[in-house]
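Open the model in a viewer and keep the sequence at hand. The tour moves from one selection to the next.

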Amino acid sequence: MEKNGKGFSMPKSSLKSTPSKDDSSQKSKEGRKVQFNNGGSPEERFDYSKSNGKSSSSADKGGRGSTANGKASKSKEKEPLELRLNQELLKNAKCLMDCEAAEIIQGIQDQMTLLSQDATIKLPVSFHKGLQYSQANARYTNTHSVRRVLDTLKKHGVVEGEISVIANACPESTEEVFALVPSLKSKKSILQEPLEVALMVIKPLRKVDSTSV
Amino acid sequence: MFFHIVLERNMQLHPRYFGRNLRDNLVSKLMKDVEGTCSGKHGFVVAITGIENVGKGLIRDGTGFVTFPVKYQCVVFRPFKGEILEAVVTMVNKMGFFAEAGPVQIFVSNHLISDDMEFQSGDMPNYTTFDGSIKIQKDSEVRLKIIGTRVDATEIFCIGTIKDDFLGVINDPTA
């Protein structure tokens, strides 16, 4: 770690930090775990969280931790969706499917055209990008039905974030779901049947997309 | 992904805005200050959907400004590691390609692109399979997985991969 005369030290896990070969023994139990900075301070860090200790082979990978920059995906571990680990962070938040978000944001845009008396209120770029993205990915004709159907998976232990990922991905089969959401693999035996039923029910609710390859 | 969340913020208002339209002025200022910003915890604030509560104002000593604690609901967009997103490619180079999903930029390194795809330079640089059947170029839609995120003051930047099962090109603009 570099330190100048005033004792300032660079953030330990910034993207451009020096390889942590000297730290690997300390970090071997945790891998290169860096948390999202809750306070939004300038020391934002690159998040290579190694599943907060759930990884049993992280000790093996400690020595390779220094080469993890840009190659974290080469780990063969089935890392759970980070959303599951950050439930406390967002316990007051409601996960939205892209189609639900599209409806809400479109509603706000419609209101803004009515309330545009104040010329200084301009919608930011991220609003338009968010609207465009959510509308492009709004794949269902009836969002409430999709929400109702997928919420039935909650009683089998599927969290809201995973439900949103499933809805947004529009999977064709349960294999696809388990491949895209590895955190559900541990419950494959319990989830296989309810997931098949849910996918069968929501399939007719998809919008027909003539441009897909 | 998108979240609907309640946030709280202390808004400072100049006395010139006091009066009948105090609340409207407060809400306008909140929208100007908050919409479009990005934080490490909540991601991008895409839009404010409503005001839950405006607390009692507190006059700051030495100035005439008043601080109001405001609770508001908003739609935020925050990518998570492990999340599957569909993004639109914005730039392709030999190091990989950049894609955009909503307000978020994602970079996919060539190391995280399938081994059977090769970079082709030219007017329209792209990654193409050996048999030419699949191409990734500007405006292609790809499904990718986020494997890392970084937040700075105004934006979120992610690293993604398309090397896993069920990831890759969804829509080729030239098809």
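Start by selecting residues 126-129 of chain B, which is strand β10, in this predicted model. Both faces of β10(B) are covered. On one side B:N126 and B:T128 are buried, and on the other B:Y127 and B:T129 are buried too. In a regular strand, side chains point to the two sheet faces in alternation.

Next, widen the selection to the neighbours of β10(B). The strand belongs to an open sheet of three strands in chain B, ordered β9-β10-β11, with antiparallel pairing. Its edge strands are β9 (117-120) and β11 (135-136) of chain B, each of which pairs on one side only.

Now go to the β9(B) side. Here β9(B) and β10(B) run antiparallel and are joined by four bridges. Select B:F119 to find B:Y127 of β10(B) opposite. Then select B:Q120, which stands opposite B:N126 in β10(B); B:N126 is one of the buried residues met at the start.

Follow the chain from β9(B) into the turn. The two strands β9(B) and β10(B) form a hairpin, with five residues between them. Stop at B:G122 in this turn, where phi is positive at about 145 degrees.

Move on to the other edge. Two bridges connect β10(B) with β11(B), and these strands run antiparallel. Select B:T128 together with B:K135, its bridge partner in β11(B).

Finish at the turn of the second pair. Like the previous pair, β10(B) and β11(B) form a hairpin with five residues between the strands. Select B:G132 in the turn: its phi is positive, about 75 degrees.

Notes:
Residues numbered from 1 in each chain as written. Chains lettered and ligands numbered in written order. Predicted model: local features only at pLDDT ≥ 70, side-chain atom pairs only at ≥ 80, totals over all residues. Heavy atoms only, no water. Pairing = 2+ DSSP bridges. Buried < 20%, exposed > 50% of the residue type's maximum accessible area, 1.4 Å probe, protein only.
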